[in-house]
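Trainee: I am new to this structure and would like a close look at one small part of it. Please start there and work outwards.

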Amino acid sequence: MPGVDFTCTSAQPLNVEESRLSFPSGHAMLSFYGLTFLSLFIGKFWRHELLGGWIHFFQAILISSALYISLTRVTDNKHHPTDVLVGAVLGIVLASIAFYYLLVALRRGDEDEDKNNKYYSELDGAHGSSLRGESKELNVIVATQNDKKN
């Protein structure tokens, strides 16, 4: 900002060191990370047909809470606005990345379950009986024994 001197004039080295510890704001980063992740989770996994517009209301409350926490860091003179802004952006970016990887992991788990279901369906057809009521380890043993007999 033109005309503003941001030079630290404190004679105590501890005060100078303390002033450098505020970037970025951990409160802003953690609040935006947690509440953004929760907001994304609610939007993806809560049942829209049951809750309707309430989902958006809850999401707005969560993001407003993160914004309130961040703004109080500035108004309480704990951080500069840029510290809070960078912390908020980091929190949102990290929450988005974490949520993306959650979705990838869940998708991968569904694919693995589909492969298992296909495998056991093939076993059911090949051996003429339903193997699904028993444990998977027992199913493999039974299928192996039946293959040896044939």
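Leaving aside its neighbours within four places in sequence, which residues is I42 in contact with?

Mentor: Setting aside neighbours up to four places off in sequence, I42 is in contact with I55, Q59 and L62; contact means heavy atoms within 4.5 Å. This is a predicted model, in which local features need pLDDT of at least 70 and side-chain atom pairs count only at pLDDT 80 or more, while totals for chains, interfaces and linings use all residues. Residues are numbered from 1 along each chain as its sequence is written, and side-chain values use heavy atoms, with hydrogens and water left out.

One of these partners, I55, lies in helix α4. Helices here are DSSP runs of H or I with at least four residues, strands are runs of E with at least two, and both are numbered from the N terminus. I55 is buried, as its relative accessible area is 0%; buried means under 20%, exposed over 50%, and partly exposed in between, with a 1.4 Å probe and protein chains only. Beyond residues up to four places away in sequence, I55 touches I42, G43, W46, R47 and H48. Its C-alpha atom is separated from that of G43 by 6.7 Å, although I55 and G43 are twelve residues apart along the chain.

I42, I55 and L62 also belong to the largest nonpolar core, whose seven residues include F32, L35, A66 and A88 as well. A nonpolar core is a set of buried Ala, Val, Leu, Ile, Met, Phe, Trp, Tyr and Cys residues joined through side-chain atoms within 4.5 Å. Two or more of the core residues come from each of α2 (26–45) and α4 (54–75).

Another link involving these two helices starts at S31. S31 is found in helix α2 and counts as buried, at 9% relative accessibility. Leaving aside neighbours within four places in sequence, S31 is in contact with T36, A66, I69 and S70. A66, one of these partners, is a member of the core described above. By contrast, Y68 in helix α4 counts as exposed, because its relative accessibility is 59%. The C-alpha atoms of Y68 and A28 are separated by 9.3 Å, with their positions 40 residues apart along the chain.

Now to the aromatic rings. A search of the whole structure finds eight aromatic pairs, counted for rings of Phe, Tyr and Trp (its six-membered ring) with centres within 6.5 Å; planes under 30 degrees apart are stacked, over 60 edge-to-face, and the rest tilted. Y33 and F37 form a stacked pair, because their planes are at 20°, with the ring centres 6.4 Å apart. Both lie in helix α2, four residues apart, which is about one turn of the helix. Y33 is partly exposed at 31% relative accessibility, and F37 is partly exposed with 23%. F37 also pairs with F99, edge-to-face, at 5.7 Å centre to centre and 80° between the planes. F37 lies in helix α2 and F99 in helix α5, so this pair ties together parts that are 62 residues apart in sequence. F99 is buried, with a relative accessible area of 8%. Ring pairs link Y33, F37, F41, F45 and F99 into a cluster.

Y33 leads on to the surface, where it is part of a nonpolar patch with F23, L30, L85, V86, V89, L90, V93, L94, I97, Y100 and Y101. Patches are made of residues with over 30% relative accessible area and no salt bridge, with like charges joined within 9 Å and nonpolar side chains (Val, Leu, Ile, Met, Phe, Trp, Tyr) within 5 Å. A salt bridge is a side-chain nitrogen of Lys or Arg within 4 Å of a carboxyl oxygen of Asp or Glu. Together the patch residues have about 1,100 Å² of accessible area, a value from the Shrake-Rupley method with a 1.4 Å probe, where only the protein chains shown count as cover for residues. Helix α5 gives the most to the patch, with nine residues. L90, in helix α5, is partly exposed at 35% relative accessible area.

Last, the whole chain. It has six helices and zero strands. Of its 150 residues, 23% count as buried. The chain exposes about 11,100 Å², with carbon and sulfur atoms supplying 62% of it. Among contacts with a separation of 6 or more, 64% join residues 24 or more positions apart.
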